[in-house]
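Please open the model in a viewer and keep the sequence panel at hand. The tour below proceeds by selection, one stop after another.

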Amino acid sequence: MKKVIYLQKIGDVDDIVLKKLKKNLKRRFFNHVDSVEVLEKKISLSSLQYHPEKKQYDVSFFLNCLKKFVKNKNQFRTLAIIDKDIYTNDYNFIFGRAHYPSNEFLKTNGVALISIYRLRESFYGRSENKRLFKSRILKEAIHEIGHTFNIKHCKKYCVMQYSSSLDEADRKPLNFCKSCLKEIDVFLNNISV
Ligand SMILES: [Zn+2]
Ligand SMILES: [Zn+2]
């Protein structure tokens, strides 16, 4: 099995966003995966529960659906990307979510999700900043993929810092700290794909 990170659209997502994310993830995970690919076919938004009052999509169970979806495809890592506001039972909104590789299936077929909706400056009533938008998307993607490599939240200056607000997310770097990088190496060396 080739170690590929697949980018999976849920509903409509700007192709330019995906193209740039693919390029940047390739560079960031150069030592860890063989390639990054954008899947052509999108998953319909109707697979998520829409909450009309919150005007948000509930993704509480979505990763389980995604797991089933990738099961027969044998995809090493799948990062779903959605351009809608999302929440779960536990949080009013989330930037992303991932499953830790707690079983054999998740070790070889990791799944994660990010929403790019709240990463735009315009969401906060400020003027658009494409560079910032792009780097926020990359950061959230690296963070959630990090979880699929069994990396927990980290207190060092590291992309794996926990962030509950955009300010906190902006303060963390795009890079893994040395110990998280080491943990990824250990994890990947110990799985047979
Ligand atoms: Zn996290
Ligand atoms: Zn770290």
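Begin by selecting V111, which is buried at a relative accessible area of 0%; buried means under 20% relative accessible area, exposed over 50%, and partly exposed in between, with a 1.4 Å probe and protein chains only. V111 sits in strand β8, residues 110-115; helices (H or I, at least four residues) and strands (E, at least two) are DSSP runs numbered from the N terminus. Add E140 to the selection: the C-alpha atoms of V111 and E140 are 14 Å apart in space, with the two positions 29 residues apart in sequence.

This is a predicted model, in which local features need pLDDT of at least 70 and side-chain atom pairs count only at pLDDT 80 or more, while totals for chains, interfaces and linings use all residues. Residues are numbered from 1 along each chain as its sequence is written, chains are lettered from A and ligands numbered from 1 in the order in which they are written, and side-chain values use heavy atoms, without hydrogens and water.

**The metal site**

Select ligand 1, the zinc ion, and display H143, H147 and H153, which coordinate it through their NE2 atoms at 2.0 to 2.1 Å. Donors are N, O and S atoms within 2.8 Å of the metal (3.2 Å for Na, K and Ca); water is not among the atoms, so sites may look incomplete. Along the chain, the zinc donors follow the spacing H-x3-H-x5-H. H147 is buried at 6% relative accessible area, whereas H153 is partly exposed at 40%.

**Salt bridges**

The structure holds 9 salt bridges, each being a side-chain nitrogen of Lys or Arg within 4 Å of a carboxyl oxygen of Asp or Glu. Select D83 and R120, whose side chains form one of them at 2.8 Å, N to O. D83 lies in the loop between β5 (77-82) and β6 (86-87) and R120 in the loop between β8 and α4, so this pair ties together parts that are 37 residues apart in sequence.

Move next to R136 and E121, which meet in a salt bridge at 3.0 Å, N to O. R136 belongs to helix α4 and E121 to the loop between β8 and α4, so the pair links parts 15 residues apart in sequence. Both residues are buried. Extend the selection to R126 and D170: salt bridges that share partners join E121, R126, R136 and D170 into one network.

Finally, select K9 and D15, a salt bridge whose closest N and O atoms are 3.7 Å apart. K9 counts as buried, at 10% relative accessibility.
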